[in-house]
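Q: I am new to this structure and would like a careful look at a single part of it. Please take me through that part step by step, together with what surrounds it.
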Amino acid sequence: MNVNHAVFKLSAFAPEQFIRDGLPQAVFVGRSNVGKSSVINTLTGRKALARVGSAPGKTRSANYFLIDNRLYFVDLPGYGYAKVSKSVTENWGAMMETYFRNRRRLLKVVLLADIRHTPTAQDIQMYEYMRHYGLDGVVAATKADKISKNEQREKIRTIRETLGLSPADRVIPVSALKRSGTEELLAEIDAVLRGGALPEG
Ligand code: GTP
Ligand code: MG
């Protein structure tokens, strides 16, 4: 899969604003600061399509980017940022819940985990959630440039064990800095396109 044309579509601040036009969506989820926006920029070959590293935990919208008029990349707000208030956290949870409940088909979930760290309880919960609902997911281990190839192998093993992945589940090391892992990740995302664009209920 190649990305030729990527354009920002809209920011949804409430579930009523979610896009339901039948096009497939690849959604990027993970802890705040893990590198979601950076990965989207890397995959689209754009420097500042998605906003990187502003105030963590501040963006509470789902941001939609239309890719070559055939699918969306969705940049979801990160979870696990300690400094946001309880009401913001609850609102976030409700929003995510609605997003995933209404979107079982034509969805690829890219769960991002910092390659250097053991996945948190929330990462595990997120993965469990994906598994429970039978969502099509892939794990991207971000900031791979920060450690050596040997360390990467070791850390990926830790990620696999912590999330309880089966041998068929893929973990793809990516680096926004080095622009590595993008082809592998795009190939995974491409799978969702093969489902074709069906209208959703
Ligand atoms: P939120 O929107 O707050 O949830 O964060 P995010 O997950 O979108 O992370 P973002 O892309 O904003 O990146 C967070 C920080 O990590 C920024 O300072 C980035 O420059 C840095 N970063 C992201 N990806 C990489 C990477 O591959 N390598 C390195 N070295 N730094 C990275
Ligand atoms: Mg972001």
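Which residue follows H1, and is its phi positive or negative?

A: The model is a predicted one, and in it helix H1 is followed by Gly 45, whose phi is positive, near 65°. The helix itself comprises residues 36–44, and 8 of its 9 residues are buried, so H1 is largely enclosed by the rest of the structure. The buried residues are Lys 36, Ser 37, Val 39, Ile 40, Asn 41, Thr 42, Leu 43 and Thr 44, where buried means under 20% relative accessible area.

Going back towards the N terminus, one comes to the loop between strand S2 (25–30) and H1, which is where Asn 33 is placed. Asn 33 has a positive phi of about 80° although it is not a glycine, and this can be set against the general tendency. Most residues other than glycine have a negative phi. Asn 33 counts as exposed because its relative accessibility is 55%, whereas Lys 36 in H1 is buried.

This part of the chain also meets ligand 1. The ligand is surrounded by 19 residues, and among the closest are Lys 36 and Ser 38, together with Gly 53, Asp 145 and Ala 176. Three polar approaches to oxygen atoms of the ligand can be described: an N or O atom in the side chain of Ser 32 is 3.1 Å from one, a backbone N or O atom of Val 34 lies 3.3 Å from one, and a polar backbone atom of Gly 78 is 3.5 Å from one. Taken alone, ligand 1 exposes 650 Å², and the protein buries 80% of that. Sorted by class, the shell around the ligand contains 5 nonpolar, 9 polar and 5 charged residues.

A second helix, H4, can be set beside H1. The buried residues of H4 are Gln 152, Ile 156, Ile 159 and Leu 163, and, seen down the helix axis, they fall within an arc of 60°, so they line one face of H4. On the other side of H4, Asn 150, Arg 153 and Glu 161 are exposed. The loop between strand S6 (136–142) and H4 holds Lys 143, a residue other than glycine whose phi is positive, near 60°. Lys 143 counts as partly exposed because its relative accessibility is 22%, while Asn 33, in the loop leading to H1, counts as exposed at 55%.

Technical notes: Residues numbered from 1 in each chain as written. Chains lettered and ligands numbered in written order. Predicted model: local features only at pLDDT ≥ 70, side-chain atom pairs only at ≥ 80, totals over all residues. Heavy atoms only, no water. Near = heavy atom within 4 Å. Polar contact = N/O pair within 3.5 Å; in protein donor to acceptor, adjacent residues only side chain to side chain. Areas by Shrake-Rupley, 256 points an atom, 1.4 Å probe, with all protein chains shown as cover. Nonpolar A, V, L, I, M, F, W, Y, C, P; charged D, E, K, R; others polar. Buried < 20%, exposed > 50% of the residue type's maximum accessible area, 1.4 Å probe, protein only. Helix = DSSP H or I, 4+ residues; strand = E, 2+ residues; numbered from the N terminus. Arc of directions from axis to C-beta.
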